[in-house]
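Thanks for sharing this one. Here are a few notes to read alongside the model, with a pocket taken up before a helix.

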Amino acid sequence: MKLHILALISTTTLLCLTLIPTTDSTQPPFSCDSSLPQTKSLKFCQTALPISVRVKDLVSRLTLDEKISQLVNSAPAVPRLGIPAYEWWSESLHGVGSAGRGIFFNGSIGGATSFPQVILTAASFDENLWYRIGQVIGKEARAVYNAGQAVGMTFWAPNINIFRDPRWGRGQETPGEDPSMTGKYAIRYVRGVQGDSFNGGQLKKGHLQASACCKHFTAYDLDQWKNLDRFSFNAIVTLQDMADTFQPPFQDCIQKAQASGIMCSYNSVNGIPSCANYNLLTKTARQQWGFHGYITSDCDAVQVMHDNHKYGKKPEDAVAFALKAGMDVDCGDYLRKYTKSAVMQKKVSEVNIDRALHNLFSIRMRLGLFNGNPQKQLFGNISPSVVCAQQHQELALEAARSGIVLLKNSGKLLPLSKAKTNSLAVIGPNANSAYVLRGNYDGPPCKFIEILKAFEGYVKTVQYHQGCNAVNCTSAYIDQAVNTAKNADYVVLVMGLDQGQEREQFDRDDLVLPGQQENLITSVAKAAKKPVILVLLSGGPVDVSFAKYNNKIGSILWAGYPGEAGGIALAEIIFGEHNPGGKLPVTWYPQDFVKIPMTDMRMRPDPKTGYPGRTYRFYKGPKVYEFGYGLSYTTYSYEFSSVTPKTVQLNQLSTAKIVQGSDSIRYTSVDEMGSDNCEKAKFSAQVSVKNSGEMDGKHPVLLFVKQDKAQNSSPIKQLVGFQSVSLKAGENSQLGFEISPCEHLSSANEDGLMMIEEGSRYLVVGNAEHPINIMI
């Protein structure tokens, strides 16, 4: 971190250096120490005043050079005002991480609770779980700060881009492919991290436990594919897809979650770099959605704007575009280098800089960093002892258990009997690695246990062979693996991907298992005494059709990257101590899908060209496994016990203009209906759920709506809601769902306007369907 301290030599200024309190290394950095007499003269230190007044005072005291110094992620100290250095870049994707520059695990705190990678946590479809994970991350983040091991409390998570293409290396960081579900994840995670309640609206005077930042705004879902990278990619996105796929999670994050930060992405959208897009950052986020927070660039995105997108002839042009568009802080040093010359060249006004600083210092004040000694403030009692607390580690285990998906279980191979399993062969390059369980954007975990070691706690004799030279499996040791397997009672193959196969700046070329993994699996399965168990670690979907239809492969489990407790969770599931209930949050496509260019952003299918569309909402091609698929050791049945009403008569509620399309179908606009009529149009559905099997279980109940005859531009089906339910064997439960036609039965037209289409729909839960009719 580079610190730029003004060389001021006046006696007065030297005395002002005392405004930054002298502390030991365990004291967190803060401003406005009440024990210093100078503090009383600084209006921005007067906590009784509104933050807007305090920030205005602070910014007015800064010189132009000082102002510019604060526009980068590693903001230096301003000693004469008692302002310590601040780091905007910290990470907390699935636990307080070490990828940014604001957190240090070099003191009494050496690690933090490592939850499963987000894609697996999403598979739980459990909003309460997501919220509790956010709470733990926020508390542990504040505890690290209170211990003096943080110089920033702004965390650049969650990643709420849509997992549009199965090859995307960063899809693992997201909640999946459904916009509504992704928005719900953002709401619960952000509220948990920032210290809000589950239902929101309970932040005390806007104070933040930690600051969450939703990224990457917007339509960012390509990193490195063939010869094209994210730094130069121009995403061509229709108004229709923007309205009902790419933007809704960010709207939820801003309006419902009240996130205090958003990040603009590297890519351009329809020719304009996101960080230079005034319509996106200011008109949409701030004016239309009411965003009141800070906007950061992705790291070096302003430089990328100039160097890669060729947007602006000079560096000063790129700086001016970004600041005028509404970006506030540059992750990088481009603004430090070129903002002053941009001002001198009259490309940007100091007014734009002041606006950015107002947004930035407002967040630091909401975090309590200008309120004096943090130990005496709202979150000052969060002790370092909460980091890696037992209940936090138990939550990491619960998250892994809840997300793991059972994809196949022929002949009820699973669960294995502990009493009857005397020997177990464990084969595969992912079986004996604790690191692979962590995923990316991770930090040092509280503890970890390899999958292999977890199995050793259940079976007396466990034999292991890695099977491949590495996860890429360029060499397979088939003969040795077969010899290990053929004498064991049961065989577990732990295969899949790792960060060498999918990660930031690395998208996959194929959807099949890498190298010789498939050959190894089929060879071992053929030699084994009984059908084998295949465990897949991956973020993105894998075409395992060969295993799905191979009778010698009895069970398949997808475990994502399950975090610090993932090995234990897998062992518990395989040996029947936990009943799996996770559901896939993405479609698993066949290998042939790679013929579709990653650069084609269209969500809807095009029958004229054979383009199949994307995600379960629009895709009209073959699937390996569907979105929402997942088995259990027990059997659940569903029934609609009541739906009121069966006919939704929007024509009686609204005087909104009726539009008849070229397809002779009538539509009405959600905007023209208005919020009052949308509220009146809501109706309820009661679903009866029964555990008709012999084992207790917890699983999510997913409610979809599908159209009787979906048009090419309309979703085939759409997720309405989901609830997690725990049922003992033989137990029944009633679940209530509220359906909003304006939200759940609408889709965007070609102009990006949300429209409700007249006609028949079906509410769908499992195999149960219930017809409803929309009258316009």
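1. The second largest pocket has a volume of about 830 Å³. Please keep in mind that this is a predicted model.

2. Which residues lie nearest the centre of the second largest pocket? They are K583, G630, L631, S632 and Y638, out of a lining of 31 residues. Strand 18 (636-644), strand 23 (697-707) and strand 28 (759-765) are the elements that each give two or more residues to this lining. Strand 23 gives the most, with four residues.

3. As for the chemistry of that lining, its residues divide into 16 nonpolar, 10 polar and five charged.

4. Now to helix 13, which covers residues 350-366. From the first C-alpha to the last, its 17 residues reach 24 Å, close to the 24 Å expected at 1.5 Å a residue.

5. Helix 13 has 12 of its 17 residues buried, so the rest of the structure largely encloses it. Buried here means under 20% relative accessible area. The buried residues of helix 13 are N352, I353, A356, L357, N359, L360, F361, S362, I363, R364, M365 and R366. You may like to look at the charged members of that list, R364 and R366.

6. Both ends of helix 13 merit a glance. At the N-terminal end, S349 acts as a cap, with a side-chain oxygen 3.0 Å from the backbone nitrogen of V351. Just after the helix, G368 takes a positive phi of about 80°.

Note on methods:
Residues are numbered from 1 along each chain as its sequence is written. This is a predicted model: local features need pLDDT of at least 70, side-chain atom pairs count only at pLDDT 80 or more; totals for chains, interfaces and linings use all residues. Side-chain values use heavy atoms; hydrogens and water are left out. On a 1 Å grid over the protein atoms alone, a cavity is a set of points where a 1.4 Å probe fits but cannot get out, and a pocket is an open set with protein on both sides within 12 Å along at least five of seven lines; lining residues have an atom within 4 Å of a point. Grid points are joined across faces, edges and corners, and a volume is the space filled by probe spheres set on the points. The expected span of a helix is 1.5 Å times one less than its number of residues. Buried means under 20% relative accessible area, exposed over 50%, partly exposed in between (1.4 Å probe, protein chains only). A polar contact is a pair of N or O atoms within 3.5 Å; within protein, one must be able to donate a hydrogen and the other to accept it, and residues adjacent in sequence count only if both atoms are side-chain atoms.
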